[in-house]
Amino acid sequence: MKTILPEEVKKKLEAGEALHLIDVREVDEVESGHIPGITHIPLGLLEFRMHELNKNTPYIMVCRSGGRSGQATAYLESQGFDVTNMAGGMLEWTGEVK
């Protein structure tokens, strides 16, 4: 499984890179603060909404600590998607939060 650190994601966003971030936390968690520009797909709905994703687009999966996003990364990877887990999750995120 590919991983990326929150600091690396922050640097890429600050450099103007267009990243495709998917936050798999629950609604209340996302409402309490998230990285601007995310797509919100709760982990429990991922298998039902993966048709919204493009297998040719690289995605970075985000959650609170990296556990749920790791599960999501493994699942989407097994379905043929290009996905990377943001290790440490929002607990280690120091960038902008909406």
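Buried means a relative accessible area under 20%, exposed means over 50%, and partly exposed covers the range in between, with a 1.4 Å probe and protein chains only. Welcome to a predicted model, where local features need pLDDT of at least 70 and side-chain atom pairs count only at pLDDT 80 or more, while totals for chains, interfaces and linings use all residues. Residues are numbered from 1 along each chain as its sequence is written, and side-chain values use heavy atoms, leaving out hydrogens and water.

**View 1. Five strands form an open sheet with parallel pairing.**
Reading across the sheet, the order is S1-S5-S4-S2-S3. Strands (DSSP E runs of at least two residues) and helices (H or I runs of at least four) are numbered from the N terminus. Two strands count as paired if DSSP finds at least two bridges between them. At the edges are S1 (2-4) and S3, each of which pairs on one side only.

**View 2. Strand S4, residues 58-62, pairs with both S2 and S5.**
S4 is mostly covered, with 4 of its 5 residues buried. Towards S2 (residues 21-23), the pairing is parallel over 3 bridges, and here leucine 21 stands opposite isoleucine 60 of S4. Towards S5 (residues 82-86), 4 bridges join the two strands, again running parallel. Look for tyrosine 59 opposite valine 83 of S5, and for methionine 61 opposite asparagine 85 of S5.

**View 3. Helices H1 and H4 each touch the strands.**
Helix H1 (residues 6-14) lies across S1, S2, S4 and S5, running at about 70° to S1. Helix H4 packs on the sheet, where H4 touches S1, S4 and S5, and its direction makes about 170° with that of S5. These angles run from 0 to 180 degrees between N-to-C directions, using lines fitted to C-alpha atoms, for helices over the stretch in contact. Together, S4, H4 (residues 67-78) and S5 make a right-handed β-α-β unit. Right-handed here says that, with the strands pointing away from the viewer, the path from the first strand over the helix to the second runs clockwise.

**View 4. The largest nonpolar core holds 13 residues.**
Such a core is a set of buried Ala, Val, Leu, Ile, Met, Phe, Trp, Tyr and Cys residues joined through side-chain atoms within 4.5 Å. The members with the most contacts inside the core are Ile22, Leu53, Tyr59, Met61, Leu76 and Phe81. S4 and H4 each supply at least two residues of this core. Apart from it lies another core of 11 residues, among them Ile35, Met86, Met90 and Trp93. Zooming in on leucine 76, and leaving aside neighbours within four places in sequence, the contacts (heavy atoms within 4.5 Å) are Leu46, Met50, Leu53, Met61, Phe81 and Val83.

**View 5. Serine 69 of helix H4 is a buried residue.**
Serine 69 counts as buried because its relative accessibility is 0%. Its side chain reaches the backbone oxygen of glycine 66 at 3.3 Å. That is a polar contact, meaning a pair of N or O atoms within 3.5 Å; within protein, one must be able to donate a hydrogen and the other to accept it, and residues adjacent in sequence count only if both atoms are side-chain atoms. Setting aside neighbours within four places in sequence, serine 69 is in contact with Val24, Met61, Val62, Cys63, Asn85 and Met86.

**View 6. Arginine 68, also in H4, meets glutamate 29.**
Their side chains are joined by a polar contact of 2.9 Å. Arginine 68 is partly exposed, with a relative accessible area of 25%. Not counting residues up to four places away in sequence, arginine 68 touches Val24, Arg25, Glu26, Glu29, Leu43 and Cys63. The C-alpha atoms of arginine 68 and valine 24 are separated by 7.0 Å, although these residues lie 44 residues apart along the chain.

**View 7. Histidine 34 sits in the loop between H2 (27-31) and S3 (39-40).**
At a relative accessible area of 19%, histidine 34 is buried. The side chain of histidine 34 reaches the backbone oxygen of valine 30 at 3.0 Å. Leaving aside neighbours within four places in sequence, histidine 34 is in contact with Asp23, Arg25, Met90, Glu96, Val97 and Lys98.

**View 8. Lysine 12 has its place in helix H1.**
With 30% relative accessibility, lysine 12 counts as partly exposed. Not counting residues up to four places away in sequence, lysine 12 touches Ile4, Glu17 and Leu19.
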